[in-house]
Amino acid sequence: MADRVGRPAFLSRRDVVRAGVFTGAALALPLQRWASGQSSTSRRIGEAKLPAPYSVPFVRPPVSTPVRVADGVEYHRIVMAPLQTEVLPGYRTTLYAYNGSVPGPTIRATRGTPIVARFINRLPLMHATLKYEPYTSVHLHGGASLPQYDGYASDITRPGQYKDYRWENKERSRTLWYHDHGFHHTAQNVYMGLAAQYHLLDPNDAALGLPTGDYDVPLVITDAMFERSGELLFSLENEKGLWGDVVLVNGRPWPVMRVARRKYRFRVLNGCVSRSFHWFLDNGADVTVIGTDAGLMPSPVRTRRIRHTNGERYDVVIDFAAYPAGTRIAMRNASLKYNDDYTHTDKIMMFEVVDDAFDPSNNSVPDVLAPDNPVMTTPVSRSVRTRNFRTERQGGEWTVNGNTWQDVIDSGFRFTEARPVHGTTEIWEYQNNSGGWAHPMHAHLIDVRILSRNGRPPYPYEVGPKDTINVGENEVVRVLATFDGCGKYMIHCHNTMHEDHDMMTQFEVVDPAHAAPDPFSAPAVPLPELPL
Ligand code: C2O
Ligand code: CU
Ligand code: CU
């Protein structure tokens with residue numbers, strides 16, 4: 001079983017340091033190989049070869065159809081394999097795809113109907129240029145999955161293996177996403193394309209009259225850099241992050257979307273490895289935020305700009321009714337600190353209003369959305385303790401309270417950062433004392449409410465159920481969480497470059513009445529597949 005955790009195959013960096021075998025320069029080698037030294041940005045394709053912003057048509061990701069429905073369970077089958085596709089017009093790029101699509105197919109789940117999703121790893125034994133083994137682990141981000149189905153980073157599926165994930169879909173409606181979480185290679189696997197949206201729908205929400213169907217649109221925003229050949233370029237800035245000069249929406253560079261004169265719901269996901277956005281509409285109009293990471297807000301919030309960091313989702317409604325056909329409204333990016341910006345990274349996509357006929361139903365936003373979500377109503381006085389999580393750079397690595405995922409591996413997965421008791425409520429305080437970077441912190445399993453940023457109220461548009469919290473430079477952000485479920489779950493920075501090197505640790509929800517399920521209790525199995 002040793003290979004499932006990777007310990008024998010991967011020399012612990014810390015052990016090497018402890019043994020004093022190599023110099024720091026030698027330790028840095030694998031990363032330099034990834035970045036191809038200093039020359040990476042010089043191999044970048046010329047800007048003149050990129051498509052003009054707002055010239056490529058917008059597309060929606062496909063929707064996953066179940067291969068079988070039986071006994072109230074939906075079965076999906078998703079193959080992870082390389083894909084050669086045209087991202088930049090006239091060039092071919094190799095990506096890693098879920099069922100031949102980047103982003104992968106949107107899974108549309110219904111509250112109360114479990115899904116079993118089989119993920120089959122048909123990736124090569126070795127990444128063609130980065131020379132790592134693309135083992136995978138699939139995480140449903142935003143779901144309260146059991147530990148063995150949560151994409152535990154070391155519960156890997158190697159090329160030639162598959163694993164069935166069971167997701168119960170008991171949560172309230174929300175926009176989730178599923179993405180790769182293989183330990184120390186999450187950034188590479190996600191950058192290669194292993195990410196997609198997952199919509200948990202609740203028929204009870206239909207009465208709200210929010211835009212649905214064609215007017216409920218996923219926007220997966222990512223960034224990338226390309227070699228002159230058209231292949232992806234992995235430009236690495238000392239483990240601080242990976243930034244591209246091309247902004248992609250649903251895999252298309254700065255696309256233009258034709259919109260009818262009515263309201264649309266956009267489920268906006270920042271799926272970038274490192275880039276954060278501060279986005280707005282260039283005509284100065286407000287957007288109406290209706291949902292945050294973990295579901296509908298108590299009531300809608302109008303805002304002009306949204307700070308949007310890695311892993312966060314904002315569900316917004318934009319109303320195009322007032323604009324004459326031909327109006328073009330750009331979604332632009334004012335950027336946040338600590339991004340590497342390029343000529344066109346201030347642009348995201350374009351909406352072009354057309355006079356097409358449209359379905360006028362479900363074209364409203366009520367004043368009250370989800371006022372009764374316990375995440376938002378649980379009083380702070382219920383908290384039984386406050387825990388502090390320091391995000392820091394230590395000994396050349398990103399850490400949480402000085403700890404890394406390698407420490408978790410080295411402990412035989414016994415080390416835990418916190419052991420909250422099932423059913424209790426706690427205040428968690430994320431602290432970033434260091435200047436120079438921000439950390440979007442994500443704890444699995446739990447939905448949280450932001451209580452304060454440096455003692456002040458959160459931004460109005462983040463007063464909703466959340467699971468990923470940006471912790472800016474010199475910020476202390478306090479959140480309130482109630483711990484349902486039980487077992488071990490990861491906490492990490494969602495700048496996946498930080499996550500991989502190695503700002504990830506774990507907590508364990510302890511239920512005195514039950515033994516916790518082991519994250520390794522449903523290991524991947526070798527192909528060929530058994531019937532699903
Ligand atoms: Cu979206 Cu642990 O990740
Ligand atoms: Cu998650
Ligand atoms: Cu970080």
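User: Before turning to single residues, what does contact mean here, and which residues does Thr425 touch in this predicted model, not counting residues up to four places away in sequence?

Analyst: Contact means heavy atoms within 4.5 Å. The model is a predicted one, and in it Thr425 has its place in strand 24, which covers residues 425–432. Leaving out residues up to four places away in sequence, the residues that Thr425 touches are Thr378, Arg382, Ser383, Val384, Arg385, Leu480, Ala481 and Thr482.

User: Is Thr425 buried or exposed, and with which side chain does its own side chain make a polar contact?

Analyst: The relative accessibility of Thr425 is 2%, and because buried means under 20%, Thr425 counts as buried. Its side chain makes a polar contact at 2.8 Å, and the partner is the side chain of Thr482.

User: Which protein residues are the donors of the copper ion (ligand 2), and how many residues apart are they in the chain?

Analyst: The copper ion (ligand 2) has as its protein donors His139 and His442, each through its NE2 atom, lying 1.9 Å from the ion. This pair links distant parts of the chain, since His139 belongs to strand 6 (residues 138–141) and His442 to strand 25 (residues 439–443), and the two are apart by 303 residues.

User: Are His139 and His442 buried or exposed?

Analyst: For His139 the relative accessibility is 1%, and for His442 the value is 2%. Because the limit for this class is under 20%, His139 counts as buried, and His442 likewise counts as buried.

User: In what order do the 4 strands of the open sheet that includes strand 25 stand, and which strands are at the edges?

Analyst: The 4 strands form an open sheet with antiparallel pairing, in the order 27-25-29-30. Each edge strand has a single partner strand, so one side of each is left without a neighbour in the sheet, and these edge strands are strand 27 (468–471) and strand 30 (504–509).

User: Which residue of strand 29 is the bridge partner of Ala443?

Analyst: Strand 25 runs antiparallel to strand 29 (residues 487–493), and 3 bridges join them. Within strand 29, the bridge partner of Ala443 is Ile491.

User: How many residues of strand 16 are buried, and which residue in strand 19 stands opposite Thr288?

Analyst: Strand 16 (residues 287–292) has 6 of its 6 residues buried, so it is largely enclosed by the rest of the structure. With strand 17 (residues 295–303) it pairs in the antiparallel sense over 5 bridges, forming a hairpin with 2 residues between the strands. Strand 16 is also joined by 3 bridges to strand 19 (residues 313–319), again running antiparallel, and in strand 19 the residue opposite Thr288 is Val317.

How values were computed
Residues are numbered from 1 along each chain as its sequence is written. Chains are lettered from A and ligands numbered from 1 in the order in which they are written. This is a predicted model: local features need pLDDT of at least 70, side-chain atom pairs count only at pLDDT 80 or more; totals for chains, interfaces and linings use all residues. Side-chain values use heavy atoms; hydrogens and water are left out. Donors are N, O and S atoms within 2.8 Å of the metal (3.2 Å for Na, K and Ca); water is not among the atoms, so sites may look incomplete. Buried means under 20% relative accessible area, exposed over 50%, partly exposed in between (1.4 Å probe, protein chains only). Two strands pair if DSSP finds at least two bridges between them. A polar contact is a pair of N or O atoms within 3.5 Å; within protein, one must be able to donate a hydrogen and the other to accept it, and residues adjacent in sequence count only if both atoms are side-chain atoms.
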